[in-house]
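Welcome, and thanks for taking a look at this one with us. Here is a short tour, arranged by topic, to read alongside the structure.

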Amino acid sequence: MSDTPFGFGLPPEEPDDGDEGKKKDQQSGGGQGPANPFGFGGLPGAGGFGSGPGGPGGPGADNPFAAMFGSLNPTDLGAAFQQLGQMLSYEGGPVNWDMAKQIARQTVSQGSPDGTKDASIGPADRKGVEEAVRLADLWLDDATSLPSGAASAVAWSRAEWVEATLPAWKELVDPVAERVGTAMGDVLPEEMQAMAGPLIGMMRSMGGAMFGTQIGQAVGVLAGEVVGSSDIGLPLGPAGKAALLPVNIETFGKDLSVPQEEVRLYLALREAAHQRLFAHVPWLRSHLFGAVDGYARGIKVDTAKLEDVVGQFDPQNPEQLQEALQQGMFQPEDTPEQKAALARLETALALVEGWVDAVVHAAAKPRLASADALRETLRRRRASGGPAEQTFATLIGLELRPRRLRDASRLWASLTDARGVDGRDALWHHPDMLPTATDLDDPDGFVHREQIDFSELDKMLGEAADKPDLKKKDDGEDENKGDDAG
């Protein structure tokens, strides 16, 4: 669980005119300071909370609205009220996704902490990605029985990654956000809920804005780190599109002493392997997303803390909600069901990442001198808890870390040795054929265990469904016998 699971703050927009814009911003009091929860720091003339008249020690230092309004001219004040009005009038789902998208784009425009900026994709990068994915698919043909799953190969900027993956984030995050919205209404006694309708509506609108702000920031930061559409083991991009981010690939490989072409090709192998798995195992996507949702349903809201916030809520002091959410209001239920849900999710992630790791290594080892070094680098990146894990810990209190990646990779490699590529990949035909967490503890036992052939079972069931209803036939024969007897 993250220390600040749902805190929020909106970064200022990066000026379009580079250093000149920064100088102007500094002259207008737009320096760095504590995050402005409502995004007004990006408005013209609106100094950050930590600077100008509203900065620490200045007038209104304890009141962000006073600090903000004190530095606004009448025109900007109107824009600020308009933006606040839009936030409070939001009546959509549990997350304000329009706000999330806007903030993610703003976060991307600032550049990543290492100083690299987003950039439009040029023809050379597009061609390089297309050729890398094409070659990767050719190599993978020898390492897996699953055919290519990439109908196209695309090179994305960070901003394009944000646009393309937001639908998947929505599917993953909305269930948890919905629990919070429901809890906000349930903490009041039923007889008071009708009277407090406007207040509850305002709180839900602000809750949607808070989620949207936090998610937007997290996704924007993640866009500066990911190298493809499947870094976290979940299919975040559109089906059939193998996507790589050239700007981030260059940053990733900068200190590895490996030629950039090899880095790009190895990452293309991983992306193409994920695409094959998700394209040709039709139940896998819903299985993974269902495991996330099953775990999310077991996360409970600290209603005592929420009741305290609602009871003391002051519409003129909305940052109370921010402070409460920053302190953490979500925790997994310590029940057998919740532990089982977490085990299912961790095992599913490990099996996906372990299969990709084993298959990519088999394809790359004979062809790339840097295969071992790149494999270990990516394993450590996933196991140590990179930005993807931190993002999910922030959004839904869940660390999507494949803790048993190495165990799963060894098991898939052992299956390849014992049953061949076709026998190994046949396990993806049905979820009940896959190894369990216990099997990861005893890979040899699983490898040599007799497996149920679900394909034969499905065939038998299909044949039975095509046959006439024998019961009706028997009933008809009995009736005829009765008639004869009469």
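A good place to begin is Ala151, which sits in the loop between α5 and β1 (152-155). The model is a predicted one, and in it Ala151 is exposed, with a relative accessible area of 77%. Ala151 also has a distant partner in sequence: Gly240 is 89 residues away along the chain, yet the two C-alpha atoms are 5.1 Å apart.

**The protein as a whole**

- The fold is built from 21 helices and four strands.
- Of its 486 residues, 49% count as buried.
- The protein exposes about 23,100 Å², and carbon and sulfur atoms supply 51% of that area.
- If we take the contacts between residues at least 6 apart in sequence, 78% of them join residues at least 24 apart.

**Helix α10 and its crossing with α5**

- Helix α5 covers residues 123-140, and its axis comes within 8 Å of the axis of α10, with a crossing angle of roughly 65°.
- The crossing of these two helices is right-handed.
- On the α5 side, the contact is made by Gly128, Ala132, Val133, Leu135, Ala136, Asp137, Trp139 and Leu140.
- On the α10 side, the residues taking part are Arg264, Leu265, Ala268, Leu269, Ala272, Ala273 and Arg276.
- By type, the residues of this α5 and α10 contact divide into 11 nonpolar, one polar and three charged.

**A closer look at Leu269**

- Leu269 belongs to helix α10.
- Which side of the burial cut-off does Leu269 fall on, buried or exposed? Leu269 has a relative accessible area of 0%, so it is buried.
- Leaving aside residues up to four places away in sequence, Leu269 touches Ala136, Trp139, Leu140, Val360, Ala363 and Ala364.
- Among these, Ala364 is 95 residues from Leu269 in sequence, and their C-alpha atoms are 8.0 Å apart in space.

**Helix α10 against α15**

- The axes of α10 (residues 260-280) and α15 (residues 371-383) come within 11 Å and cross at roughly 60°.
- Because of that angle, α10 is oblique to α15.
- The crossing of α10 and α15 is right-handed.
- From α10, the contact draws on Glu262, Val263, Tyr266, Leu267 and Arg270, while α15 contributes Ala371, Leu374, Arg375 and Leu378.
- The residues of this α10 and α15 contact comprise six nonpolar, no polar and three charged.

**Helix α10 against α9, and the loop that joins them**

- The axes of α9 and α10 come within 10 Å, crossing at roughly 115°.
- This crossing of α9 and α10 is right-handed.
- Ile249, Glu250, Phe252 and Gly253 of α9 meet Gln260, Val263, Arg264 and Leu267 of α10.
- The residues of the α9 and α10 contact divide into four nonpolar, two polar and two charged.
- Where does Ser257 lie? Ser257 is in the loop between α9 (246-253) and α10.
- Ser257 is exposed, its relative accessible area being 76%.
- The backbone of Ser257 deserves a glance: its phi is near 55°, a positive value in a residue other than glycine.
- As background, most residues other than glycine have a negative phi.

**Residues shared between contacts of α10**

- Val263 and Leu267 of α10 appear in the contact with α15, and Val263 and Leu267 are also listed in the contact with α9.
- Arg264 of α10 takes part in the contact with α5, and Arg264 is listed in the contact with α9 as well.

**Two more places to visit**

- Leu222 is found in helix α8 (residues 197-223).
- Leu222 is buried, with a relative accessible area of 1%.
- Leu222 and Ala104 are 118 residues apart along the chain, and 9.4 Å separates their C-alpha atoms.
- Ala413 lies in helix α17 (residues 405-425).
- How much of Ala413 is accessible, in relative terms? Its relative accessible area is 35%, so Ala413 counts as partly exposed.
- Ala413 and Ala362 are 51 residues apart along the chain, with their C-alpha atoms separated by 8.9 Å.

Terms used:
Residues numbered from 1 in each chain as written. Predicted model: local features only at pLDDT ≥ 70, side-chain atom pairs only at ≥ 80, totals over all residues. Heavy atoms only, no water. Axes fitted to C-alpha atoms, helices over the stretch in contact; angles between N-to-C directions. Parallel < 35°, antiparallel > 145°, perpendicular 65-115°, else oblique. Left-handed = near helix turned anticlockwise from the far one by under 90°. Contact = heavy atoms within 4.5 Å. Nonpolar A, V, L, I, M, F, W, Y, C, P; charged D, E, K, R; others polar. Buried < 20%, exposed > 50% of the residue type's maximum accessible area, 1.4 Å probe, protein only. Areas by Shrake-Rupley, 256 points an atom, 1.4 Å probe, with all protein chains shown as cover.
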